[in-house]
Amino acid sequence: MLPWSSMNTLDLHSNLLQVPLPTPPNSTFFFLVSHNKLSGEISTLICKVSFMQILDLSHNNFGGMLPHCLGNFSKDHSVLNLQRNQFHDIIPQKFLKGNSIRTLDFNGNQLEGLVPRSLIICRELEVLDLRNNKINDTFPHWLGALPKLQVLVLRSNNFHGHIGFSKIKSPFMSLRIIDLAHNDFEGDLPEIYLRSLEATMNIDEGNMTREYMGDDIYQDSMMVTIKGSKIEFVKILNTFTTIDFSSNKFQGVIPECIGNLNSLRGLNLSHNYLTGHIPLSFKILKMLESLDLSSNKLSGRIPQELTSLTFLEVLNLSQNHLTGFIPQGSQFQTFGDDSYYGNPRYVDFHYLRDVQLMKY
């Protein structure tokens, strides 16, 4: 244990430390040692720091099992960030009733088992990031009861099965970033949940204060896959919204109700088994910057109405069964053939226009 008995804050992040993890004194509120080269296991002594509010051990080389006490050693604990380490076994299963946990980030470890059902008592939870692990579970529909949950990332695990129905009247009402990509979910897209995502509807940016998730002391960050690239968000703006259901086994038609999510910035439904037409309701997605419907079984025409999406920067409709003309106007003038390749019967209107000009 470090010797400074009255210390409140210990910030050693972004150095080259290679020593075993020191245990801070019991008076410590904030303990930040991210982006170092620390290794070994976390001692259960960390759970004796009963006033801990923020514990950030991310981006190190820690391994072994997580102490089971990590979820219930302090009612004041608000941030637990363990991303990009080598922890294995299961996520701590017990959390204190009445806890203050706001952020849980276990991204990029080797954690297995189920999503802890005890998370249902984490009423302050805003961010849950479980991506890039080995979690083997069905969709945790019961998280829809958490009133403040804004970010849910389950990407690249072994989640499986139908997402199914919810017994909750209006699930996930505060959710605005949801990433279920690269799992084995199947069945229809979850219309009952998509209808409830009120935090992705009718955002009036002109009349709201632009803020970032977190507080003055610690702000959340995350990696987002959007516009075909991985982007590191050092801060998460309170108006940012995205849905990524790509690389699963979803089938059936795309629900028209997605058009109600008119504040979406990104929508990725690629690499599934979706059929039917591109919904005309997509014309309502006026804030959309990235749309990826590639590698499905979509048919019919590309709606001319999509030209009203003037913020659209990235479009990928490749590898489907779309037919007819490519719409003219607006952003569609900027998209290359790679946005449409693999549709065996689409007609490139730009090509026809050029041929027509050559006749004169």
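Here is a walk through this structure, from its overall build to its pockets, cavities and rings. Keep in mind that you're looking at a predicted model.

Let's start with the whole protein. If you count up the regular pieces, you get two helices and 25 strands. How far does the C-alpha trace reach along its principal axes? It spans about 85 × 45 × 40 Å. There's a handy check on this kind of thing: for 360 residues, a compact globule would have a radius of gyration near 21 Å, and the protein comes out at 23 Å, which agrees. As for what is tucked away, 51% of the 360 residues count as buried.

Now let's look for empty space, beginning with the largest pocket. Its volume is about 640 Å³. A set of 30 residues lines this pocket, and the ones nearest its centre are H35, H59, Q83, S221 and E232. What kinds of residues make up the lining? Sorted by class, there are 14 polar, ten charged and six nonpolar residues. Two strands are worth finding here: β15 (222-226) and β16 (229-233) each contribute at least two residues to the pocket lining. Of the strands and other elements, β15 gives the most, with three residues.

One of those central pocket residues deserves a second look. H35 sits in the loop between β2 and β3. Its backbone has a positive phi of about 55°, even though H35 is not a glycine. Is H35 buried, partly exposed or exposed? With a relative accessible area of 40%, H35 is partly exposed, because that class takes in values between 20% and 50%. You can find another positive phi at D89, about 75°, and D89 is not a glycine either. While H35 belongs to a loop, D89 is found in strand β7, which covers residues 86-90. D89 has a relative accessible area of 26%, so it is partly exposed.

Next come the closed-off spaces. The structure holds three cavities of 30 Å³ or more. The largest of them has a volume of about 80 Å³. Which residues line it? They are N81, Q83, T103, D105, V127, D129, Y218, D220, S221, M222 and I236. You may recognise Q83 and S221 in that list, since both were also named among the residues nearest the centre of the largest pocket. By class, the cavity lining has four nonpolar, four polar and three charged residues. Strands β8 (103-105) and β10 (127-129) each supply at least two of the lining residues.

Let's move on to the aromatic rings, where the count comes to twelve aromatic pairs. Take F29 and F51 as an example: their ring centres are 6.5 Å apart and their planes meet at 65°, so the pair is edge-to-face. What does this pair tie together? F29 lies in the loop between β1 (9-11) and β2 (30-32), while F51 lies in the loop between β3 (39-40) and β4 (54-56), so the pair links parts that are 22 residues apart in sequence. F29 is partly exposed, at 28% relative accessible area, and F51 is partly exposed too, at 43%. Another aromatic pair is made by F233 and F240, with 4.9 Å from centre to centre and 55° between the planes, which is a tilted arrangement. Here both F233 and F240 are buried.

Aromatic rings can also gather in groups. In this model, F139, F159, F172, F185, Y193, F245 and F250 form one aromatic cluster. A ring can have a charged neighbour as well: K235 lies over the face of Y212, at 5.2 Å from the ring centre.

Our last stop is S174. You'll find S174 in the loop between β12 (160-162) and β13 (177-179). Its relative accessible area is 23%, so S174 is partly exposed. How far is S174 from I120? In sequence they are 54 residues apart, and in space they are 15 Å apart, C-alpha to C-alpha.

Notes
Residues numbered from 1 in each chain as written. Predicted model: local features only at pLDDT ≥ 70, side-chain atom pairs only at ≥ 80, totals over all residues. Heavy atoms only, no water. 1 Å grid on protein atoms, 1.4 Å probe; cavity = no way out; pocket = protein on both sides within 12 Å on 5 of 7 lines; lining within 4 Å. Points joined across faces, edges and corners; volume = space filled by probe spheres on them. Helix = DSSP H or I, 4+ residues; strand = E, 2+ residues; numbered from the N terminus. Nonpolar A, V, L, I, M, F, W, Y, C, P; charged D, E, K, R; others polar. Phe/Tyr/Trp six-rings, centres within 6.5 Å; stacked < 30°, edge-to-face > 60°. Buried < 20%, exposed > 50% of the residue type's maximum accessible area, 1.4 Å probe, protein only. Lys NZ or Arg CZ within 6 Å of the ring centre and 35° of its normal. Rg over C-alpha atoms; globule rule 2.2 N^0.38 Å.
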